Amino acid sequence: MTDIAITGCGIVCAQGMNYEECRERMYGNPLPPLYPKNFESPNIDYPVFEIPSKIGEVFSRKFKDEEVFLSTVMGLKALEEALYKAGMELDYLKGKRVLISIGTTIAITLNDFGFHKKFVEGKSPDGKPFLRFLNSNPSNFISNILKENKSFPITFATACASSSDAIGFAYLALQSDKNVDLAICGGTDEASLVNYQGFISMHIYSRNPCKPFDRKRDGLNLGNGAGILILERQEDAKRRGVKPEVFISGYGSFQDGYHFTHPHPEGKGLERAILKALSFKKVNLKEIDFINAHGTATPENDITEGKVIKRLFPEGIKFLSTKGYTGHTLGAAGALEAIFTIMALKDGKIMKNLGFEEEDPEIGISPLCKEEMVEKRFAISNSLGFAGANSAILFERAL
């Protein structure tokens with residue numbers, strides 16, 4: 001097997017506009033969710049984890065709101081940082097065969113209600129909002145920026161597992177396809193009126209900061225965010241003089257198709273995804289140090305995921321959800337959580353699970369209530385999505 005190194009990470013989320021800002025707040029004084037500012041809603045008493053400041057320039061270019069969605073610009077911002085951390089200039093990518101694998105969801109398709117209202121009424125609305133939607137495909141947009149390269153863009157929309165699948169696909173491609181030199185992968189997504197009102201109408205949105213795995217959890221908070229990883233084969237990174245600290249060592253995905261919105265009650269799909277991820281390097285369950293769980297703070301998700309963790313690790317394991325820091329960033333969730341997993345492995349320290357106070361007897365296990373040290377080489381990041389999407393990524397820190 002080829003070792004696939006993570007040589008750069010870039011992140012934008014509610015805790016900061018870059019990796020270092022996020023890291024400082026994740027281990028310090030995290031910012032809470034606030035009432036939405038980026039869109040108007042009659043239900044403003046449901047908080048959102050929006051990014052803490054506006055994005056100015058990306059690759060020395062200013063973006064106007066009408067050009068592309070916020071999610072696309074956040075993705076570019078994260079890419080800019082990831083390339084910098086990887087020690088790559090845009091010129092370095094010239095002539096390289098670059099896979100661009102990005103996950104997102106489709107809730108932003110209804111961002112422009114004026115356009116849709118006129119269209120439904122049989123009128124002829126201005127076509128700019130439609131073009132804005134088409135232009136906002138994150139993988140294609142990045143591919144157009146890298147126009148002097150031979151790039152292969154692909155966009156994943158497997159609900160809340162989208163960016164985990166995008167990262168997993170990039171890992172598999174570098175394992176098996178010599179026509180790919182490196183990969184830009186991850187995810188980006190934003191809260192909008194449609195997904196905000198949608199989750200409220202499903203009665204799974206909390207009026208308070210979310211409480212993953214807590215007995216009194218009453219729903220999620222949405223958030224804006226983007227996370228981008230640069231993946232390379234280890235030998236290619238070494239040729240550039242880079243000594244990787246963390247690798248991807250496995251990926252599993254399983255669609256159980258149990259229900260349009262509910263997870264399988266026994267988590268059979270998630271269990272198969274985890275075991276598949278471990279199989280790539282024949283890692284034993286006892287070698288896993290911690291799990292960055294999907295942990296949405298909704299009643300059913302946390303029970304299902306807790307059952308799987310308890311079943312696979314009967315002797316116990318450290319686990320947490322980082323959604324208390326970012327909210328549920330939908331298609332970007334897997335990418336953000338991958339970066340937080342990488343952060344913990346690099347620092348040798350796991351951040352705590354925010355919002356947890358009391359164990360739920362239906363789950364029977366508790367997440368980390370305080371920061372703890374990493375003691376082993378491997379960690380897992382889980383993602384679950386609507387329609388039965390289940391994904392797991394295995395991360396390994398260098399010896």
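**Exercise 1. The aromatic cluster.** Identify which residues form one aromatic cluster in this predicted model, and classify the pair Tyr46 and Tyr205 within the set of aromatic pairs.

*Solution.*
Step 1. The cluster consists of Phe39, Tyr46, Tyr196 and Tyr205; the model is a predicted one.
Step 2. Searching the whole structure yields eight aromatic pairs. One of them joins Tyr46 and Tyr205, with 5.6 Å centre to centre and 90° between the planes. Planes over 60 degrees apart count as edge-to-face, and the pair is accordingly of that kind.
Step 3. Tyr46 lies in the loop between helix 1 and strand 2, while Tyr205 lies in the loop between helix 7 and strand 8. The two are 159 residues apart, and the pair links distant parts of the chain.
Step 4. Buried means under 20% relative accessible area. Tyr46, at 10%, is buried, and Tyr205, at 5%, is also buried.

**Exercise 2. A pair involving helix 6.** Determine the geometry of the pair Tyr171 and Phe280, and decide for each residue whether it is buried or partly exposed.

*Solution.*
Step 1. The ring centres of Tyr171 and Phe280 are 5.6 Å apart and the planes stand at 70°, so the pair is edge-to-face.
Step 2. Tyr171 belongs to helix 6 (residues 162–176), whereas Phe280 sits in the loop between helix 9 and strand 11, 109 residues apart.
Step 3. Tyr171 has a relative accessible area of 0% and is buried. Phe280 has 21% and is therefore partly exposed.

**Exercise 3. Charges over a ring.** State which charged residues sit over the ring of Tyr92, and at what distances.

*Solution.*
Step 1. The charged end of Lys96 is placed over the ring of Tyr92, 4.3 Å from its centre.
Step 2. The charged end of Arg240 also sits over the ring of Tyr92, at 5.5 Å from the centre.

**Exercise 4. The nonpolar cores.** Describe the largest nonpolar core and find which element gives the most to it.

*Solution.*
Step 1. The largest core holds 43 residues, and Ile6, Leu229, Leu231 and Phe395 have the most contacts inside it.
Step 2. Elements that each supply at least two residues include strand 1, helix 6, strand 9 and strand 16.
Step 3. Helix 12 gives the most, with nine residues.
Step 4. Leaving aside residues up to four places away in sequence, Leu231 touches, among others, Ile6, Ile167, Tyr171, Leu174 and Ile248.
Step 5. A second, separate core has 28 residues, including Val73, Met74, Ile100 and Phe141.

**Exercise 5. Helix 12.** Compare the span of helix 12 with the expected value, then establish how many of its residues are buried and what follows the helix.

*Solution.*
Step 1. Helix 12 covers residues 333–347, 15 residues in number, and reaches 21 Å from first to last C-alpha, close to the 21 Å expected.
Step 2. The helix is mostly covered, with 13 of its 15 residues buried.
Step 3. Gly348 follows helix 12 and has a positive phi, near 70°.

**Exercise 6. The overall fold.** Assess whether the radius of gyration agrees or disagrees with that of a compact globule.

*Solution.*
Step 1. The protein contains 12 helices and 16 strands.
Step 2. For 399 residues, a compact globule would have a radius of gyration near 21 Å; the protein has 20 Å, which agrees.
Step 3. Its C-alpha atoms fill a box of roughly 65 × 50 × 40 Å along the principal axes.
Step 4. Of the 399 residues, 56% count as buried.
Step 5. Among contacts between residues at least 6 apart in sequence, 78% join residues at least 24 apart.

Key. Residues are numbered from 1 along each chain as its sequence is written. This is a predicted model: local features need pLDDT of at least 70, side-chain atom pairs count only at pLDDT 80 or more; totals for chains, interfaces and linings use all residues. Side-chain values use heavy atoms; hydrogens and water are left out. Helices (H or I, at least four residues) and strands (E, at least two) are DSSP runs, numbered from the N terminus. The expected span of a helix is 1.5 Å times one less than its number of residues. Buried means under 20% relative accessible area, exposed over 50%, partly exposed in between (1.4 Å probe, protein chains only). Rings of Phe, Tyr and Trp (its six-membered ring) pair if their centres lie within 6.5 Å; planes under 30 degrees apart count as stacked, over 60 as edge-to-face and the rest as tilted. A charge sits over a ring if NZ of Lys or CZ of Arg is within 6 Å of the ring centre and within 35 degrees of the ring normal. A nonpolar core is a set of buried Ala, Val, Leu, Ile, Met, Phe, Trp, Tyr and Cys residues joined through side-chain atoms within 4.5 Å. Contact means heavy atoms within 4.5 Å. The radius of gyration is taken over C-alpha atoms; the globule rule is 2.2 Å times the number of residues to the power 0.38.
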